Amino acid sequence: MADVDVQVQYTTTERKTRKVKKTSKRRESKDGEVTVTELDQNTTNTNDDGEYTKAMSKDWHSGHFCCWQCDESLTGQRYVLRDEHPYCIKCYESVFANGCEECNKTIGIDSKDLSYKDKHWHEACFLCAKCRVSLVDKQFGSKHDKIYCGNCYDAQFASRCDGCGEVFRAGTKKMEYKTRQWHEKCFCCVVCKNPIGTKSFIPREQEIYCAGCYEDKFATRCVKCNKIITQGGVTYKNEPWHRECFTCTNCDTSLAGQRFTSRDEKPYCAECFGELFAKRCTSCTKPITGIGGTRFISFEDRHWHNDCFICALCKTSLVAKGFITNGPDIVCPECAKQNLIDVIVLPLVANARDWIKSDTDQIPGVQLTDLVGRFRKANLKSRAAK
């Protein structure tokens, strides 16, 4: 509420009178402190120019001290001083006085003006909109342009605690998280019931947990050591591990970020798995692990790395090609054909020449029959190689 300087003065026509002032103060709107001054007797002096009135620390001819609004004489009248201008009571209340929100009547200078958010009331009209109790010098709340006492406001409009369901009284400390709110004493861990206050907490499915209780109930634990995984971690077969716990079953080397394989649901590093379980290459005798997309070839009970599956004679790769076994070796068809000629056919031909030069009549029939059979068999193998 603002204040207006109000002076009330009575003037008379008596001469050489003593001035007596009565002063009171009240609150008004927008301009400063209101001072009401009542003069039981006014100083009226007489000189050679006639009578004059002393007001506002100035001397006035009696007919010149008038209302700034209506120009009516203020001599012998109460007046209100505003912005250094005097107003009669009627003009002042008409132009400057506030209207009461409750009764819609003017709040005159003799009434106490109570204001809140640019609204004004007579002291007797400043009441709760619901229970009609006086709100003078009491706490109150405002809603939808109406004022309410504390009890009525809380009952109708105050927000309520998500913990206990009670309203938040004026001055009550409130804890808020997203769209929810609690009394300080109600903002507790759902498990241990200890107040959380300003400590860290974890929300889960409309419940609030302190960090310790949340970890005990929900935190991920390592399948090997059963301790909580606070950061990082490795998932293997949908199970969580500490990085330092995820090691080779045989040598305990860490497998985090490394190539590994498994056997009977247990992880092994590539080296241990190869030594313990992998097939071995017939050519180089090293383990065939298959890790990292390594391909290998199997034939009967023998196995080769892709790079080791080559012709034993010309060293050409036999991957996706035909091959012929020759004892422990594998050879390409060309080398097999040449080997057949060198090892079987040519010696037979040389022997045949020697027999032809000799007297065939002297060769027993059994030897001749065997010679012909061996030659035919060698010829059939040569055709098969082609």
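Of the 386 residues in the chain of this predicted model, 31% count as buried. The accessible surface of the chain amounts to about 25,100 Å², and carbon and sulfur atoms account for 46% of that area. In terms of secondary structure, the chain contains six helices and 25 strands. Among the contacts that join residues at least 6 apart in sequence, 29% are between residues at least 24 apart.

Salt bridges were sought throughout the structure, and the search returned five of them. One of these is formed by Arg132 and Glu102, whose closest N and O atoms are 2.6 Å apart. Arg132 is located in the loop between strand 9 (119-122) and strand 10 (140-143), while Glu102 is located in the loop between helix 1 (89-95) and strand 8 (113-116), so that the pair ties together parts of the chain that are 30 residues apart in sequence. Both partners fall into the intermediate class of accessibility: Arg132 is partly exposed at 38% relative accessibility, and Glu102 is partly exposed with a relative accessible area of 36%.

A salt bridge also joins the side chains of Asp145 and Lys119, with an N to O distance of 3.3 Å. Here Lys119 belongs to strand 9, whereas Asp145 lies in the loop between strand 10 and strand 11 (146-149), and the pair therefore ties together parts that are 26 residues apart in sequence. Asp145 counts as exposed, because its relative accessibility of 66% is over the limit of 50%. The backbone of Asp145 is also notable in that its phi is near 65°, a positive value in a residue other than glycine. Most residues other than glycine have a negative phi. A phi near 65° is likewise found at Lys315, again a positive value in a residue other than glycine. Lys315 is placed in the loop between strand 23 (302-305) and strand 24 (324-326), and with a relative accessible area of 55% this residue is exposed.

A further salt bridge is that of Lys173 with Glu184, in which the closest N and O atoms are 3.7 Å apart. This pair links distant parts of the chain, eleven residues apart, with Lys173 in the loop between helix 2 (150-156) and strand 12 (174-177) and Glu184 in the loop between strand 13 (180-183) and strand 14 (201-204). Glu184 is partly exposed, its relative accessible area being 38%.

Turning to the aromatic side chains, a search of the whole structure identified 22 aromatic pairs. In one of them, the ring centres of Tyr153 and Phe157 are 5.5 Å apart and the ring planes meet at 55°, so the arrangement is classed as tilted. Tyr153 has a relative accessible area of 22% and is partly exposed, and Phe157, at 24% relative accessibility, is also assigned to the partly exposed class. Tyr209 and Tyr214 form an edge-to-face pair, with 6.1 Å from centre to centre and 70° between the planes. Tyr209 is counted as buried, because its relative accessibility of 6% is under the threshold of 20%. Beyond individual pairs, Tyr116, Trp121, Phe126 and Phe140 are linked into a cluster by ring pairs.

Aromatic rings are also approached by charged groups. The charged end of Lys174 sits over the ring of Phe168, at 4.9 Å from the ring centre. In a second arrangement of this kind, the charged end of Arg204 sits over the ring of Phe218, and the distance to the centre of that ring is 4.0 Å.

Finally, Thr230 is situated in the loop between helix 3 (211-218) and strand 16 (234-236). With a relative accessibility of 66%, Thr230 counts as exposed. The C-alpha atoms of Thr230 and Ala219 are 8.1 Å apart in space, the two residues being eleven residues apart in sequence.

Key:
Residues are numbered from 1 along each chain as its sequence is written. This is a predicted model: local features need pLDDT of at least 70, side-chain atom pairs count only at pLDDT 80 or more; totals for chains, interfaces and linings use all residues. Side-chain values use heavy atoms; hydrogens and water are left out. Rings of Phe, Tyr and Trp (its six-membered ring) pair if their centres lie within 6.5 Å; planes under 30 degrees apart count as stacked, over 60 as edge-to-face and the rest as tilted. Buried means under 20% relative accessible area, exposed over 50%, partly exposed in between (1.4 Å probe, protein chains only). A charge sits over a ring if NZ of Lys or CZ of Arg is within 6 Å of the ring centre and within 35 degrees of the ring normal. Helices (H or I, at least four residues) and strands (E, at least two) are DSSP runs, numbered from the N terminus. Contact means heavy atoms within 4.5 Å. Accessible areas come from the Shrake-Rupley method with a 1.4 Å probe; for residues, only the protein chains shown count as cover. A salt bridge is a side-chain nitrogen of Lys or Arg within 4 Å of a carboxyl oxygen of Asp or Glu.
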